[in-house]
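Trainee: I am new to this structure. Please pick one part and take me through it closely, then show me how the rest fits around it.

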Amino acid sequence: MLLTYCFLLFSRSKMKLLICIAFTCLVVAVWCKPSSTYTDKWDHIKVEEILESGRLLKAYVDCLMGQGRCTPDGKALKETLPDALEHECSKCTAKQKSSSDTVIRFLVNKRPDLWKELSHKYDPDNIYQERYKDKIDSVKGSE
């Protein structure tokens, strides 16, 4: 539609049409460019409070396991978790990396049952357990 408008507006001048097309392509390229990080919309969430609340923790785990309803932030986590695991959290914000360290430390040390359950779901072939072995070992016993 924008291209049609440009064509009608500048139909007499090929140069102006070419500029309009180039501008349209630039707008489309910028608009469609994937984000370099995941959204920071949920970065304000206090992960420690979730981990300390049995009810909240269970709700998040149930969401991730596909066994319960998901809050909007739980749904976002469920959607981004496989990509974050695959790409070593390369699109995570600093807050997300810090929060993931907190969650890993908590689950490995205080809730190994949940760690195992989530690992079976998101890492059935132990690919990430091997990839992140040093990190996991470094947090064992550090809580």
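Trainee: Let me start with a small place. Where is Asn126 in the chain? And then the part I want a close look at: which residues of α4 are buried?

Mentor: Asn126 sits in the loop between α7 and α8. Keep in mind that this is a predicted model. We will come back to that loop. Helix α4 needs some background first.

The chain has 143 residues, and 29% of them count as buried. It contains nine helices and zero strands. Read from the N terminus, the order is α-α-α-α-α-α-α-α-α. Now look at how far apart contacting residues are in sequence. Take the contacts with a separation of 6 or more: 63% of them join residues 24 or more positions apart.

Now α4 itself. The helix covers residues 54-65, twelve residues in total. At 1.5 Å a residue, it should span 16 Å. Its end C-alpha atoms lie 16 Å apart, so the model agrees with the expected span.

Seven names answer your second question. Leu57, Tyr60, Val61, Asp62, Cys63, Leu64 and Met65 are the buried residues of α4. What covers them? Among the covering elements are α3 (47-52), α5 (72-86), α6 (94-110) and α7 (112-122).

Val61 shows this at the level of one residue. Leave out residues up to four places away in sequence, and Val61 touches Leu114, Glu117 and Leu118. Two of these names lead into the core. The largest nonpolar core has 18 residues. Leu57, Val61 and Leu118 touch the most other members of that core. The elements α3, α4, α6, α7 and α9 each give at least two residues to this core. There is a general pattern behind such a cluster. In soluble globular proteins, nonpolar side chains tend to be buried together.

Ala59 also belongs to helix α4. With a relative accessibility of 38%, Ala59 counts as partly exposed, because that value falls between the cut-offs of 20% and 50%. Its C-alpha atom is 8.8 Å from that of Thr71, a residue twelve places away along the chain. The end of the helix is worth a glance too. Just after α4, Gly66 has a positive phi of about 75°.

Next, the empty space. The largest pocket holds about 1300 Å³. Its lining is made of 42 residues. Leu77, Leu81, Gln96, Ser100 and Val103 lie nearest the centre of the pocket. Helix α4 takes part here as well: α3, α4, α5, α6, α7, α8 (127-131) and α9 (133-139) are the elements that each give two or more residues to the lining. The biggest share comes from α6, with nine residues. By class, the lining has 26 nonpolar, seven polar and nine charged residues.

Follow α6 a little further, to Lys95, which lies in that helix. Lys95 has 35% relative accessibility, so it counts as partly exposed. Set aside neighbours within four places in sequence, and Lys95 is in contact with Asp43 and Ile45. Ile45 is 50 residues from Lys95 along the chain, yet their C-alpha atoms are 9.9 Å apart.

Thr37 makes another long link. It is found in the loop between α2 (14-32) and α3. Its relative accessible area is 34%, so Thr37 is partly exposed. The C-alpha atoms of Thr37 and Cys92 are 5.6 Å apart, with their positions 55 residues apart along the chain. Leaving out neighbours within four places in sequence, Thr37 contacts Lys91 and Thr93.

Finally, the loops. Most residues other than glycine have a negative phi. Two residues here do otherwise. Asn126 has a positive phi near 60°. At 42% relative accessibility, Asn126 counts as partly exposed. Glu88 is the other one, with a positive phi near 55°. It lies in the loop between α5 and α6. Its relative accessibility is 52%, so Glu88 counts as exposed.

To return to your helix: α4 has buried residues covered by α3, α5, α6 and α7, among others. It also supplies residues to the largest nonpolar core, and it helps line the largest pocket.

Definitions and conventions
Residues numbered from 1 in each chain as written. Predicted model: local features only at pLDDT ≥ 70, side-chain atom pairs only at ≥ 80, totals over all residues. Heavy atoms only, no water. Helix = DSSP H or I, 4+ residues; strand = E, 2+ residues; numbered from the N terminus. Expected span 1.5 Å × (residues − 1). Buried < 20%, exposed > 50% of the residue type's maximum accessible area, 1.4 Å probe, protein only. Contact = heavy atoms within 4.5 Å. 1 Å grid on protein atoms, 1.4 Å probe; cavity = no way out; pocket = protein on both sides within 12 Å on 5 of 7 lines; lining within 4 Å. Points joined across faces, edges and corners; volume = space filled by probe spheres on them. Nonpolar A, V, L, I, M, F, W, Y, C, P; charged D, E, K, R; others polar. Core = buried A, V, L, I, M, F, W, Y, C linked by side-chain atoms within 4.5 Å.
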